[in-house]
Amino acid sequence: MVKGPGLYSDIGKRARDLLFKDYQNDHKFTITTYTSTGVEITSTGVRKGEIYLADVSTKVKNKNITTDVKVDTNSNLRTIITVDEPAPGLKTIFSFNFPDQKSGKVELQYQHEYAGISTSIGLTANPVVNFSGVVGNNLVAVGTDLSFDTTSGNFTKYNAGLNITHADLIASLTLNDKGDNLTASYYHIVNPLTNSAVGAELSHSFSGNENILTFGTQHALDPLTLLKARVNNYGRASALIQHDWTPRTRFSLVGEVDTGAIEKSAKVGLAVALKP
């Protein structure tokens, strides 16, 4: 894939991953195995409070075609077929859920040295059409993200974003929710040798006149152990430790406290991923 501005979903992604990725307060166990023919089978169990959820997925790759099928405890069947680079820079994705007959969708992604485009359309008589596009390069990119409902004839989503990358700093600005939410974020690499970074995100809601400011950082104690921490202006503080027992086994522990209501119990999340 050529190097360029990426897709619209890449705007602000490094900061979002630092501040929000892997911070989950559930108990999750995942095990992945491989058959002799190369089929990947992943079983996942999650406890959300008093609710237990599970799913099993299989992934089959044949040349540039990947088929991913997942079934969960609610008898939902999700299938994703990805064709990687049928032409240079192009990716095609087919997806559908059973029994939801209106969930079928086809998506095309194209990445060029100076542009990134993603468009999708539902496989129904009156589909929802999504389009996102970014122009620029690997230093400066500006883009938009739109959804149009052909049934009502209205735009259901229109967002815009700007991403600036300079050496070890990435800054982004996005306008979401039909212009109601403005978000600014930055991500700064402090030391690439220890995977140390800091970041922040400020989100303002015009309709609610509300601001949410989140600070976060990460640091690798060693090549196998990563520490992350974050806090927002409402006093919610979280910490995460992620340790790879082996290159194929990962353990994650998350804790969250509300400093504004310290009498409440802390939330604790646990995730174990095994690939024997």
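Asp 244 counts as buried, with a relative accessibility of 17% in this predicted model; the cut-off for that label is under 20%. Its salt-bridge partner is Arg 250, and the closest N and O atoms of the two sit 2.8 Å apart. Arg 250 is partly exposed, at 37% relative accessibility.

That pair has company, since a search of the whole structure turns up 6 salt bridges. Another of them joins Lys 48 to Asp 26, at 2.9 Å from N to O. Lys 48 belongs to strand 2, while Asp 26 is in the loop between helix 1 (13-20) and strand 1, so this contact ties together parts that are 22 residues apart in sequence. Lys 48 itself is partly exposed, at 40%. Then there's Lys 157 with Asp 145, whose side chains meet at 3.2 Å, N to O. Here the link runs between strand 11, home of Lys 157, and strand 10, which holds Asp 145, with 12 residues separating the two. Asp 145 is buried at 13% relative accessibility, whereas Lys 157 is partly exposed at 28%.

Now for a charged residue without such a partner. Glu 107, in strand 7 (residues 105-112), is buried yet has no salt bridge. Why doesn't Lys 105, the nearest side chain of opposite charge, count as a salt-bridge partner for Glu 107? Lys 105 is 4.8 Å away, and a salt bridge has to be within 4 Å, so the pair misses the cut-off. What Glu 107 does have is a 3.0 Å polar contact between its side chain and that of Gln 109.

Back to strand 2 (residues 40-48), which pairs with strand 1 in the antiparallel sense over 8 bridges. Within that pairing, Thr 30 has Thr 44 of strand 2 as its bridge partner. The hairpin has 5 residues between the strands, and Gly 38 takes a positive phi near 90 degrees there. Strand 2 also carries Thr 42, which is buried at 13% relative accessibility and whose side chain makes a 3.2 Å polar contact with the side chain of Thr 32. Strand 1 (residues 27-34) also pairs with strand 19 (residues 267-274), this time in the parallel sense over 5 bridges. In that pairing, Lys 28 stands opposite Ala 271.

Finally, have a look at the surface. A nonpolar patch of about 790 Å² includes Val 135, Leu 139, Ile 164, Leu 175 and Phe 206 among its residues. Strands 10, 11 and 12 each give two or more residues to this patch. Val 135 comes from strand 9 (residues 128-136), and is partly exposed with a relative accessible area of 48%.

Conventions. Residues are numbered from 1 along each chain as its sequence is written. This is a predicted model: local features need pLDDT of at least 70, side-chain atom pairs count only at pLDDT 80 or more; totals for chains, interfaces and linings use all residues. Side-chain values use heavy atoms; hydrogens and water are left out. Patches are made of residues with over 30% relative accessible area and no salt bridge: like charges are joined within 9 Å, nonpolar side chains (Val, Leu, Ile, Met, Phe, Trp, Tyr) within 5 Å. Accessible areas come from the Shrake-Rupley method with a 1.4 Å probe; for residues, only the protein chains shown count as cover. Helices (H or I, at least four residues) and strands (E, at least two) are DSSP runs, numbered from the N terminus. Buried means under 20% relative accessible area, exposed over 50%, partly exposed in between (1.4 Å probe, protein chains only). Two strands pair if DSSP finds at least two bridges between them. Lys and Arg count as positive and Asp and Glu as negative; His and the chain ends are not counted. A polar contact is a pair of N or O atoms within 3.5 Å; within protein, one must be able to donate a hydrogen and the other to accept it, and residues adjacent in sequence count only if both atoms are side-chain atoms.
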